[in-house]
Amino acid sequence: MKKTILAIVAMTFVVIGSIATAATKIEKSIWDCALTFKASGGGVQILVGHFSLSGPGEISCVDIAGNTEALPVKVTITAAPVAANVAIGYFKMQGLATGIGVASGPRALLGNYVTASAEGALILGGAINLSVKGGNEAITMDVGVGVTEGLGVQLGLNQLKIQARE
């Protein structure tokens, strides 16, 4: 009888511990995040060439418990020397990106993304992009929009890199 009671108490602690651990993991992994940034740059690329934008930004997140966290970042958008990209011109952009996915916090959103983007400006213009990232700590698909200044157009596939600023 004592062994049965001890077994039930032990099982209860294991179940309670498992539920608490699962709840903690879920709470830590469900964040609503947004990226704001300012970037400038440009180039000339018609499948072959150079095109890049870079500048400072910030990832701001809130979890399901209402806790907030912000992380200053550097954003770089670059096309490979040979890429499915057509771009010519120079831009200054202010943008916002947010989307759907699961991340263990703002730091999990650092890294490389594949992005399809289009932007254009004749003094003023706009930009839109769709970015995808997968990994152990984050799986996300984001939509970004931006306001651009400058002269030029860009349409194609690029790499978006987000790294922590020091």
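In this report, a strand is a DSSP run of E with at least two residues, and strands are numbered from the N terminus. With that in hand, let's walk through the structure, which is a predicted model.

## The overall layout

The protein chain holds 1 helix and 5 strands. If you follow the sequence from its start, the elements come in the pattern α-β-β-β-β-β. The chain has 166 residues, and 34% of them are buried. Contacts often link distant parts of the sequence: among those between residues at least 6 apart, 72% join residues at least 24 apart.

## How the strands pair

Which strands does β3 pair with? It is joined to β1 by 14 bridges, and these two strands run antiparallel. One place to look is L35, whose bridge partner in β3 is A97. β3 also pairs with β5, again in the antiparallel sense, over 19 bridges. Here you can find F91, which has G150 as its bridge partner in β5.

## The nonpolar core

A general idea helps before we look inside. In soluble globular proteins, nonpolar side chains tend to be buried together.

In this model, the largest nonpolar core has 29 residues, and those that touch the most other members are L35, L53, I59, V73, V75, L109 and I162. Five strands, β1, β2 (68-78), β3, β4 and β5, each supply at least two residues of this core. Which strand gives the largest share? That is β1, with 9 residues.

L53 is a good residue to zoom in on. Leaving out residues up to four places away in sequence, L53 touches A39, S40, G41, G42, V75, T76, I77, F91, M93 and E119. Two residues from earlier in this report reappear: V75 is among the core members that touch the most others, and F91 is the bridge partner of G150.

## The largest pocket

Where is empty space left? Rolling a probe the size of a water molecule over the atoms shows this. The largest pocket of the model has a volume of about 360 Å³. Its lining has 30 residues, and the closest to the pocket centre are A97, T98, G99, T140 and D142. The elements that give two or more residues to this lining are β1 (31-63), β3 (82-103), β4 (111-133) and β5 (138-164). By type, the lining divides into 19 nonpolar, 8 polar and 3 charged residues.

A97 links two parts of the story, as it is the bridge partner of L35 and is listed among the residues closest to the pocket centre. D142 is also on that list, and we will meet it again in a moment.

## Residues worth a closer look

Is N129 buried or exposed? This residue of strand β4 has a relative accessible area of 17%, so it falls under the 20% cut-off and counts as buried. Setting aside neighbours within four places in sequence, N129 is in contact with T115, A116, S117, D142, V143 and G144.

The table shows four residues by their strand and relative accessibility.

| Residue | Strand | Relative accessibility |
|---|---|---|
| N129 | β4 | 17% |
| G126 | β4 | 33% |
| L47 | β1 | 47% |
| I123 | β4 | 69% |

G126 counts as partly exposed because its 33% lies between the 20% and 50% cut-offs. Its C-alpha atom is separated by 4.5 Å from that of V147, although the two residues are 21 apart along the chain. Not counting residues up to four places away, G126 touches A118, E119, G120, G146 and T148.

G43, in strand β1, gives another pair of residues that are far along the chain: G43 and Q154 are 111 residues apart, and their C-alpha atoms are separated by 9.5 Å. Beyond neighbours within four places in sequence, G43 is in contact with H50, F51, A87, I88 and G89.

Finally, look at the backbone angle phi in two residues. L47 has a phi near 70°, a positive value in a residue other than glycine. I123 is not a glycine either, and its phi is positive too, at about 75°. L47 is partly exposed, whereas I123 is exposed, since its 69% is over the 50% cut-off.

Notes
Residues are numbered from 1 along each chain as its sequence is written. This is a predicted model: local features need pLDDT of at least 70, side-chain atom pairs count only at pLDDT 80 or more; totals for chains, interfaces and linings use all residues. Side-chain values use heavy atoms; hydrogens and water are left out. On a 1 Å grid over the protein atoms alone, a cavity is a set of points where a 1.4 Å probe fits but cannot get out, and a pocket is an open set with protein on both sides within 12 Å along at least five of seven lines; lining residues have an atom within 4 Å of a point. Grid points are joined across faces, edges and corners, and a volume is the space filled by probe spheres set on the points. Helices (H or I, at least four residues) and strands (E, at least two) are DSSP runs, numbered from the N terminus. Ala, Val, Leu, Ile, Met, Phe, Trp, Tyr, Cys and Pro count as nonpolar, Asp, Glu, Lys and Arg as charged, and the others, Gly among them, as polar. Two strands pair if DSSP finds at least two bridges between them. A nonpolar core is a set of buried Ala, Val, Leu, Ile, Met, Phe, Trp, Tyr and Cys residues joined through side-chain atoms within 4.5 Å. Buried means under 20% relative accessible area, exposed over 50%, partly exposed in between (1.4 Å probe, protein chains only). Contact means heavy atoms within 4.5 Å.
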